[in-house]
Amino acid sequence: MKSILFFSAVLVVATAAIWRSYNVSISWKIDYDVLSNSADKQPFFEKSYIFENDPTDSVHASSIVLLPGNELLAAWYGGSREGASDVAIYHARKTSDKAVWSQPEVLIDRDRVAQDLGRHIRKLGNPVLLSDGDNTLWMFFVTTSIGGWSTSAINLVMSHDGGRSWGSSKRLHSSPFLNLSTLVKGRPFFYQDGSIGLPAYHELAGKFAELIRVSATGDVMDKIRMTHGRFSIQPSIVPLDDDRLIAMMRNTNQTRKIVRSLAERGGQQWSNAEYTGLNNPDAAVSMAGQADSLVLAYNDIKHDRNRLALAVSADSGKHWKNRALLESAEPDEDGIKSEFSYPYLIKTDKGDYHLVYTWQRKRIAYVHFNQAWLEQKP
């Protein structure tokens, strides 16, 4: 026991020293671009599904990214059920000249990750995509070797040809305590030095949000605790300028309200988490946009996940107004509840929004709309 404690202490000190060595030299200026609102365009809204008949029985936790040439790439995990041994991460793409997505293909599975990392992998999930605007892609995802999701570690796989092929998996050293209980869900963003801001969260010995600074090659440079306690996870972060950030978070307690926090100094200093007036049934949220036009996709009820809505804010997230209801369904004749969950929203530099989410655990829904469509909603 003493040797284990000694090893753990040495690991904590060594990891902290590495992070401190990075922290001395890194810049915290955010790579911030003002995005077009395109409010003068004709309203546009389109909903479809990435696939009609998936090769797996259950799908969940999708993400989406824009590639050069207005091509889209989406990723999610699927298998016989969540956490099953046959779960893999799948992907599909949509080109600007085609109305339908390509057939889903396996991007990475447990055996491939286990071989890359040289360790047993029990399950994997939560793929999160990021593009440099050219052909380099990062996909962060979580794996567990023992236990449930609360013992997860974050991994990274990269592509340099627009997602046509992917390199070997790399495990991020994001926690000094045996590198356990760090997960991802929210969209990453860039800093001006080319490094990445990765929203993360913990579910073991506390439920709280973190911001991890990751180099372009997947080395952890620093880690900032965003919230405290046992109720705020899965932060969705949007830069408000090159210095300030806003985070909206899933709430796991009985308050059933979305949690908000604001940051300055590029994310080094976060305000105390506070409850908003927006309902949350212990479910993921996703936010995109900029200070004067934020859009939030969320389940706008206190229980269950049978409604999915969009809310908007024009004052950096201080006040929100419900703008559109995307999904709503009652239980079927057998009493089985509907589920529309885990939204992932992005806004392009042309002002369009692309949204993906879990639809009944059977499909990945895809919604494409613009600011003009939002503005015309009552």
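# Strand S12 and its surroundings

Both faces of strand S12 are covered: on one side Phe208, Glu210, Ile212 and Val214 are buried, and on the other side Ala209, Leu211 and Arg213 are buried as well. The model described here is a predicted one. S12 spans residues 208-214, and seven of its seven residues are buried, so the strand is largely enclosed by the rest of the structure.

## The chain as a whole

The chain holds three helices and 25 strands. Its radius of gyration is 20 Å, close to the 21 Å that the globule rule gives for 378 residues, so the chain is as compact as a globular protein of that length. Along the principal axes, the C-alpha atoms fill a box of roughly 65 × 45 × 45 Å.

Of the 378 residues, 58% count as buried. The chain exposes about 15800 Å², and carbon and sulfur atoms supply 50% of that area. Among contacts between residues at least 6 apart in sequence, 50% join residues at least 24 apart. The chain has 43 positive and 42 negative charges, and the mean positions of the two sets are 6 Å apart.

## The partners of S12

S12 pairs with strand S11 (residues 196-202) and with strand S13 (residues 220-225). The table sets out the two pairings.

| Pair | Sense | Bridges | Facing residues | Residues between strands | Positive phi in the turn |
|---|---|---|---|---|---|
| S11 and S12 | antiparallel | seven bridges | Ala200 and Glu210 | five residues | Ala205, about 55° |
| S12 and S13 | antiparallel | five bridges | Ile212 and Lys223 | five residues | Gly218, about 95° |

S11 and S12 form a hairpin, and S12 and S13 form a hairpin too. Glu210, the bridge partner of Ala200, belongs to the side of S12 that also holds Ile212. Ile212 in turn stands opposite Lys223 of S13.

## Ile154, a residue in contact with S11 and S12

Ile154 lies in strand S8 (residues 153-159). This residue is buried, with a relative accessible area of 0%. Ile154 and Ala200 are 46 residues apart in sequence, while their C-alpha atoms are 9.0 Å apart in space.

Which residues are in contact with Ile154, leaving aside its neighbours within four places in sequence? They are Phe140, Phe141, Lys170, Arg171, Leu172, Ser174, Thr182, Leu183, Val184, Leu198, Ala200 and Ile212. Among them, Ala200 is the bridge partner of Glu210, and Ile212 is one of the buried residues of S12.

How values were computed
Residues are numbered from 1 along each chain as its sequence is written. This is a predicted model: local features need pLDDT of at least 70, side-chain atom pairs count only at pLDDT 80 or more; totals for chains, interfaces and linings use all residues. Side-chain values use heavy atoms; hydrogens and water are left out. Helices (H or I, at least four residues) and strands (E, at least two) are DSSP runs, numbered from the N terminus. The radius of gyration is taken over C-alpha atoms; the globule rule is 2.2 Å times the number of residues to the power 0.38. Buried means under 20% relative accessible area, exposed over 50%, partly exposed in between (1.4 Å probe, protein chains only). Contact means heavy atoms within 4.5 Å. Accessible areas come from the Shrake-Rupley method with a 1.4 Å probe; for residues, only the protein chains shown count as cover. Lys and Arg count as positive and Asp and Glu as negative; His and the chain ends are not counted. The place of a charge is taken as NZ of Lys, CZ of Arg, CG of Asp or CD of Glu. Two strands pair if DSSP finds at least two bridges between them.
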